[in-house]
Amino acid sequence: MSNTLFDKVWDSHVIRKINDGPDVLFIDRHLIHEVTSPVAFLGLKSRNNSVLFPNRTFATADHNTPTINQHLPVQDPLSANQLKALEQNAAEYGIVHWGLGHQKNGIVHVVGPENGITLPGATIVCGDSHTSTHGAFGAVAFGIGTSEVEMVLSSQCIMQPKPKKMRINVNGKLGFGVTPKDVALFLISKLSASGATGYFVEYAGDVFKNMSMEGRMTVCNLSIEMGARGGIIAPDEKTFSYVEGRLFTPKGASWDKSMDYWKTLKSDEDAIFDKEINFFAIDIEPMITYGTNPGMGTGISNYIPKAESVEGGVATYRKSLEYMGFNEGDKMIGKKVDFVFLGSCTNGRIEDFRDFASIVKGRKKADNITAWLVPGSHVVEAQIEEEGILDILTEAGFELREPGCSACLAMNDDKVPAGKVAVSTSNRNFEGRQGPGSRTMLASPLVAAATAVTGVLTDPRTLL
Amino acid sequence: MAYDKFEILKSTVVPLPVENVDTDQIIPARFLKATERVGFGDNLFRDWRYNSDNTPKAEFVLNNPIYKGKILVGGKNFGSGSSREHAVWAVYDYGFRCVVSSFFADIFRGNCLNIGVLPVQVSAEFLDKIFEAIKANPDTEIEINLPNQTVTLLESGEQESFDINSYKKENMLNGFDDIDYLTKMKSEIQEFAEARPF
């Protein structure tokens, strides 16, 4: 029987199939952070359960952490309390914990791959919807709720019905200034914020084959923004050389055995998908969002569509534009911007900082822009310094902050004030996502950089 | 955490005819800092419900006393975005036991079923009928019958059936959750884990 890549990984982790019910799915690796795990540990305790396999869970602090003065005590007592709970729970159950200040600390979806926690053919979950990031390695990875975090802690399993399968093929060569972020925002704009709900998406075709691991992570990360449970890309030599030799990557005979298995991880030629969609790279330009869900995106040189021309309710659409302070028919380029955010699990990796630096090099930050540049981890931070990127940024008038989720969800102090507009490399432009009343336009690091030096929304192709 | 059994729920409803209601609206991230599951209902739809000075926004449905009940009815693609279970805790804690929509985001739906909130997916046409009925009469009652898997507008008698797999249905009817099931599988799981390559 021919199978998709997703079938191969999912099916090999099913311990029991329940008739007219979910599959009992074994989880190889479980990532936890301070926000969605404390109640799970409470549940565990109240049932007198313990952590079944502590070496399969990994903890890092990221969601509510400050991005300056991390060496000082955390000021917000509620955040400090959550960080302490994570530390105590990890210590109590013998779970690896990379707390604030630890050299391996960073955003959960950045440190997973960096440390070989993320592996091809693995099942990976975390109480965070952007767990889909790890699908870039050919893993089945997705976000779960806190009840499920408790399930994984106590039984290393979750119970979920198997999703349907979709394949998205993008062929051809990406144009000048078009990045993986643009590919993802393009796909979401075509499929809508709910177009892949119920599906697990495999990305295939030239564009993903030629993409770096960082780029693949960006694309898979954003799968959830079109409603998909997750995204997956077949592992190849690029994947294997990325994972080799990392902290939690199999070594020696175990590596050889894993490699034999990993090489089988691709969809069979005659595998059937519930849905298959084709796009061409040539149709994609640098993207920008103009509304309050990630599906409300368009090519940066376009105008905001009229309500009648979009699918879905007109009232919801107008409410969204009103929140943004935009009008139907507005030109996007030249829109006034106040904040620029480079970072998050979507675009907080080294390649994103290289892209940003390629534009700001030899230029100056615009006076009207407040810029927050937040590396995804200390490893990324160190690399920024080693590669000389920090010097370029400093020269151009930018400061580098310390790692964390930061302004992506504004749980810490990195909040965009009400009414202000941010061009953000993160993943969500929901109302108030970056702070109460904040207005977000999602874009690539190149667009963010071009905007940061001009002070208005700018097509990066004019500066490259 | 166990929850009360769900069988038949007869209630007036709270209408929220907005599409793509994401979990950041249901509960903004800055209210996710608790280490216990308490008090989330107070911040349900916080920024739609309150001004920045914490005064209620009169026009928002939760601040309108003519709408009340244990059933929340929302527009298409309800619960999209973040996986935060806190969103469902807020819905439950506020007093809702059921959310009706024409389309749910996956993780939100799963989270609902895990803590005892019943997600009821109806057709777009039936959803419109519900919204119209509430508009005409805010005291409109709806019956959610889990054993029969039906949702009924009691005034007109209009009815539609909804899907739920039989495993989750049993759980809801009995107030069970998945951990009750998984803890009985421990030895099978340990055996499986030993054979894993990593």
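Let's start at a single residue, A:Ser212, which sits in the loop linking helix H7 (206-209) and H8 of chain A. Keep in mind that you are looking at a predicted model. Is A:Ser212 buried, exposed or partly exposed? It has 15 C-beta neighbours inside 10 Å, and therefore counts as partly exposed. To get a feel for distances in this chain, jump from A:Ser212 to A:Asp76: the two are 136 residues apart along the chain, and their C-alpha atoms are separated by 38 Å.

Now zoom out to chain A as a whole. Its C-alpha atoms fill a box of roughly 55 × 55 × 45 Å along the principal axes. A compact globule of 464 residues would have a radius of gyration near 23 Å, and chain A, at 21 Å, agrees with that. Inside that box you'll find 16 helices and 18 strands. Of the 464 residues of chain A, 60% count as buried. The chain also brings distant stretches of sequence together: take the contacts between residues at least 6 apart in sequence, and 76% of them join residues at least 24 apart.

Chain A splits into three pieces: domain 1 (5-162 + 236-258), domain 2 (164-235 + 267-283) and domain 3 (310-462). Look at how domain 2 and domain 3 of chain A meet. Their centres, taken over C-alpha atoms, are 23 Å apart, and 15 residues of domain 2 are in contact with 15 residues of domain 3. On the domain 2 side, helix H6 (180-191) and helix H8 (213-221) of chain A are the elements that give two or more residues. H8(A) provides the largest share, with 5 residues. Sorted by class, that side of domain 2 has 4 nonpolar, 7 polar and 4 charged residues.

Next, pick out strand E8 (residues 157-160) of chain A. What happens on its two faces? Both are covered: A:Cys157 and A:Met159 are buried on one side, and A:Ile158 and A:Gln160 are buried on the other. That back-and-forth pattern fits a simple rule, since side chains in a regular strand alternate between the two faces of the sheet. E8(A) also has a neighbour in strand E2 (residues 23-26) of chain A, which runs antiparallel to E8(A) and is joined to it by 4 bridges. If you want one pair to look for, A:Leu25 has A:Ile158 in E8(A) as its bridge partner.

A helix worth finding is H2 (residues 38-46) of chain A. Its buried residues are A:Pro38, A:Val39, A:Ala40, A:Phe41, A:Gly43 and A:Leu44. What covers them? The cover includes helix H3 (77-93) and helix H5 (146-155) of chain A. After H2(A) comes A:Asn48, which has a positive phi, near 55°.

Chain B has positive phi values of its own. B:Asn77, a residue other than glycine, has a phi near 60°. You'll find B:Asn77 in the loop between strand E2 (71-74) and helix H3 (86-94) of chain B, and it counts as buried because it has 27 C-beta neighbours inside 10 Å. B:Gln149 isn't a glycine either, yet its phi is positive, about 55°. B:Gln149 lies in the loop between strand E5 (141-145) and strand E6 (150-153) of chain B. With 14 other C-beta atoms within 10 Å, B:Gln149 is partly exposed.

How do the two chains meet? Here 52 residues of chain B are in contact with 68 residues of chain A. Several helices of chain B each supply at least two residues to the side that touches chain A: helix H1 (23-26), helix H4 (106-115), helix H6 (166-174), helix H7 (178-182) and helix H8 (186-194). The largest share, 6 residues, comes from H4(B). By class, this side of chain B has 19 nonpolar, 16 polar and 17 charged residues.

Finish in the interior. The largest nonpolar core holds 190 residues, and the members that touch the most others are A:Val340, A:Val360 and B:Val91. Which residues does B:Val91 touch? Leaving out residues up to four places away in sequence, B:Val91 touches B:Ile26, B:Leu44, B:Leu72, B:Phe96, B:Val99 and B:Val117.

Technical notes: Residues are numbered from 1 along each chain as its sequence is written. Chains are lettered from A and ligands numbered from 1 in the order in which they are written. This is a predicted model: local features need pLDDT of at least 70, side-chain atom pairs count only at pLDDT 80 or more; totals for chains, interfaces and linings use all residues. A nonpolar core is a set of buried Ala, Val, Leu, Ile, Met, Phe, Trp, Tyr and Cys residues joined through C-beta atoms within 7 Å. A residue is buried if 20 or more other C-beta atoms lie within 10 Å of its own, exposed if 12 or fewer, and partly exposed in between; C-beta atoms are placed from the backbone. Two residues are in contact if their C-beta atoms, placed from the backbone, lie within 7 Å. The radius of gyration is taken over C-alpha atoms; the globule rule is 2.2 Å times the number of residues to the power 0.38. Ala, Val, Leu, Ile, Met, Phe, Trp, Tyr, Cys and Pro count as nonpolar, Asp, Glu, Lys and Arg as charged, and the others, Gly among them, as polar. Two strands pair if DSSP finds at least two bridges between them. Domain bounds come from an automatic or database domain assignment.
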